[in-house]
Amino acid sequence: MKKERRSPILVTRSSLAPFEEYEELIRKLWDTRFITNMGPYHEELKKSLTEMFGRDTELFVNGHMALEMLLQALDLKGEVITTPFTFVSTTHAIVRNGLTPVMCDVKEEDGTMDPEKIEALITEKTCAILPVHVYGHVCDDEKIEAIAKKHGIPVIYDAAHAFGETVNGTPVAALGDASMLSFHATKAFNSIEGGCVCFDEKKQPGLADRLYKLKNFGITGKESIEYVGGNAKMNEFSAAMGIVNLRHFPQWAAARKKVYDRYAEDLSGVKGVRILRKRDDVTYNYAYMPVVLDPAYFDRDKVYDTMVADGICPRKYFYPLVNDCECYRGVLPAAETETPVAYRLSKTVLTLPIYPDLPLETVDEICGYFEK
């Protein structure tokens with residue numbers, strides 16, 4: 001099984017446009033010396049994404065700060081219903097705003113928030129619902145938003161994994177009251193580091209202004225600082241990378257789909273291996289390849305260790321659950337009893353390598369670890 005390699009097969013690798021395209025853009029920065037503070041490339045990328053998503057867009061240094069400052073800009077107080085089956089950044093953004101995360105369990109079939117469990121968690125303190133399109137699997141947006149509308153609370157999506165996806169032709173970024181997307185180097189689309197908030201300024205007048213000022217120290221004029229803001233601006237090098245990478249995103253998504261389809265073909269009918277269910281009305285970016293391993297057939301941790309020893313590096317993604325992270329133990333309810341489905345998934349999920357230029361022969365080799 002083990003093969004000699006010059007480098008390990010990682011769970012993902014950064015997609016990059018041809019160097020010459022990036023070089024052409026950044027060469028101009030040596031002439032202008034305008035490399036930050038919402039420069040021309042920042043504005044160009046912002047315009048392109050606004051057109052792509054059909055919603056107002058504000059760029060940030062990364063997805064985490066985009067979410068953290070969105071919650072601050074909305075001036076929320078109280079409890080936020082969210083999910084523990086996510087990267088810890090989601091919960092950190094809530095807690096760092098002085099809000100209380102309330103964990104909702106997820107659906108077995110795709111790992112997204114279970115709308116049937118939401119209403120039981122709503123109290124007079126609930127100020128928002130923050131679901132996660134985990135692995136790019138789009139939440140049950142219609143049910144979630146119907147519940148939110150009934151109770152008069154906003155829905156804010158963590159769409160970090162869902163760049164470029166649509167549901168029934170509508171950009172996933174345009175769902176809910178607002179969405180956060182991440183452009184981290186490991187995502188299907190990247191700007192090295194980066195992120196954005198998508199929202200409808202007409203329905204939330206003033207939100208664009210608050211987001212802009214919060215990410216720029218609260219500065220409102222040359223001699224005026226009205227907010228206690230931070231520094232979360234996207235620089236021109238990242239914006240330039242976003243511009244050139246955006247040109248190639250469609251072909252990268254198509255290449256990822258070929259890799260995903262090969263996995264699905266190889267693993268079809270393999271006992272003990274389950275691929276998360278896809279929605280028929282969603283166009284996916286195929287950013288991740290998670291499989292759930294039945295403990296009756298596979299010990300997830302042993303499979304992981306065997307692969308790593310052979311130079312193949314999947315991830316136990318997401319493990320541990322947020323509830324089980326050291327900083328939240330004893331603070332949040334125990335995952336095993338309060339969110340049992342998410343807990344079970346965290347113990348059995350394995351995210352396999354996937355990126356546009358991953359050879360299909362390597363996919364076949366990886367799938368060989370699940371042969372009995």
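**Notebook: two sheets and two cores**

Entry 1. I looked up a sheet and found that it is open, with 3 strands in the order E13-E15-E17 and antiparallel pairing. The model I am reading is a predicted one. Strand E13 (273-275) and strand E17 (349-352) each have a single partner strand, so they stand at the edges and one side of each is left without a neighbour in the sheet. I noted that neighbouring strands of this sheet are turned against each other by 35° on average, direction ignored.

Entry 2. I then asked how many bridges pair E15 with E17. Strand E15, residues 289-293, pairs with E17 over 4 bridges in the antiparallel sense. To place one of these partners by residue, I followed Pro 290 and recorded Thr 351 as its bridge partner in E17.

Entry 3. I next looked for helices lying across E13, E15 and E17. Helix H7, residues 236-267, lies across these strands and runs at about 145° to E13. Helix H10, residues 340-348, also lies across E13, E15 and E17, and it runs at about 50° to E17.

Entry 4. I turned to another open sheet, whose 3 strands have the order E4-E3-E5 and pair in parallel. Which strands stand at its edges? They are strand E4 (100-103) and strand E5 (126-129), and because each has a single partner strand, one side of each is left without a neighbour in the sheet. The twist from one strand to the next averages 30°.

Entry 5. Within this sheet I checked strand E3 (residues 79-82), which runs parallel to E4 and is joined to E4 by 4 bridges. Thr 82 has Met 103 as its bridge partner in E4.

Entry 6. I went on to the nonpolar cores. In soluble globular proteins, nonpolar side chains tend to be buried together. The largest nonpolar core here has 91 residues, and Phe 85, Tyr 263, Leu 352 and Phe 370 have the most contacts inside it. Helix H7 gives the most to this core, with 12 residues.

Entry 7. I asked which residues are in contact with Phe 85, leaving aside its neighbours within four places in sequence. I listed Val 106, Gly 111, Val 134, Tyr 135, Tyr 317, Phe 318 and Leu 321, together with Ala 342, Leu 345, Ser 346 and Val 349. Finally, I recorded a second, separate core of 26 residues, which includes Phe 60, Ala 93, Leu 130 and Met 180.

Terms used:
Residues numbered from 1 in each chain as written. Predicted model: local features only at pLDDT ≥ 70, side-chain atom pairs only at ≥ 80, totals over all residues. Heavy atoms only, no water. Pairing = 2+ DSSP bridges. Axes fitted to C-alpha atoms, helices over the stretch in contact; angles between N-to-C directions. Contact = heavy atoms within 4.5 Å. Core = buried A, V, L, I, M, F, W, Y, C linked by side-chain atoms within 4.5 Å. Buried < 20%, exposed > 50% of the residue type's maximum accessible area, 1.4 Å probe, protein only.
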